[in-house]
Amino acid sequence: MLDEYTPLLNRFNEFNRNNPKVYELFQRFTLEAINKGHTKLSAWLIANRIRWETMIVTTGEDYKISNDFIALYSRKFMKDYPQYNGFFNIKEMKRL
């Protein structure tokens, strides 16, 4: 994905492995937006909806999603769903 960001990717991959529900929700909410006719959307909007849904709407675990991971979730989504490549605007990631 982004080899030069190995420390960030390591943290992201560990979080994703330990919290698979986050990516499931990311996929669900993104596909929901696509099915409603959206052709572009902010990954931050999706991440904040996950935060809202898990903190306010449902009972159970809140997901503390690092802002550092939002760009990686958008890239992962477009890699997993190449037919939606370009749905999220992405910028070159700065070295951390």
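## A helical chain, read from the end of α2

Just after helix α2, Gly37 takes a positive phi of about 105°, and this residue offers a convenient place to enter the structure, which is a predicted model. The chain as a whole comes to four helices and zero strands, so that reading along the sequence gives the pattern α-α-α-α.

The helix that precedes Gly37, α2, covers residues 20–35 and has 16 residues. From its first C-alpha to its last it reaches 23 Å, which is close to the 22 Å expected at 1.5 Å a residue. Which residues of α2 are buried? They are Val22, Tyr23, Leu25, Phe26, Gln27, Phe29, Thr30, Ala33 and Ile34. In reading such a list it helps to recall that an α-helix has 3.6 residues a turn, so residues three or four places apart point the same way.

Two packed helices are described by the angle between their axes and the distance between the axes. For α1 and α2 the angle is about 90°, and the axes lie 4 Å apart. Angles of 65 to 115 degrees count as roughly perpendicular, and α1 and α2 are therefore roughly perpendicular to each other. In this contact, Phe15, Asn16, Arg17 and Asn18 of α1 meet Pro20, Val22 and Tyr23 of α2. By class, the residues of the contact are four nonpolar, two polar and one charged; Val22 and Tyr23, which take part in the contact, are also among the buried residues of α2.

Helix α1 (residues 6–18) also packs against helix α4 (residues 67–80), here at an angle of about 75° and with the axes 10 Å apart. These two helices, α1 and α4, are therefore likewise roughly perpendicular to each other. On the α1 side the contact involves Leu8, Leu9, Arg11, Phe12, Phe15 and Asn16, and on the α4 side Asp68, Phe69, Leu72, Tyr73 and Lys76. Those residues divide into seven nonpolar, one polar and three charged. Phe15 and Asn16 of α1 thus appear in the contact with α4 and also in the contact with α2.

Turning to the chain as a whole, buried residues make up 42% of its 96 residues. Among contacts between residues at least 6 apart in sequence, 64% join residues at least 24 apart. The chain exposes about 6300 Å², and carbon and sulfur atoms supply 51% of that area.

Terms used. Residues are numbered from 1 along each chain as its sequence is written. This is a predicted model: local features need pLDDT of at least 70, side-chain atom pairs count only at pLDDT 80 or more; totals for chains, interfaces and linings use all residues. Side-chain values use heavy atoms; hydrogens and water are left out. The expected span of a helix is 1.5 Å times one less than its number of residues. Buried means under 20% relative accessible area, exposed over 50%, partly exposed in between (1.4 Å probe, protein chains only). Axes are lines fitted to C-alpha atoms, for helices over the stretch in contact, and angles run from 0 to 180 degrees between N-to-C directions. Angles under 35 degrees count as roughly parallel, over 145 as roughly antiparallel, 65 to 115 as roughly perpendicular and the rest as oblique. Contact means heavy atoms within 4.5 Å. Ala, Val, Leu, Ile, Met, Phe, Trp, Tyr, Cys and Pro count as nonpolar, Asp, Glu, Lys and Arg as charged, and the others, Gly among them, as polar. Accessible areas come from the Shrake-Rupley method with a 1.4 Å probe; for residues, only the protein chains shown count as cover.
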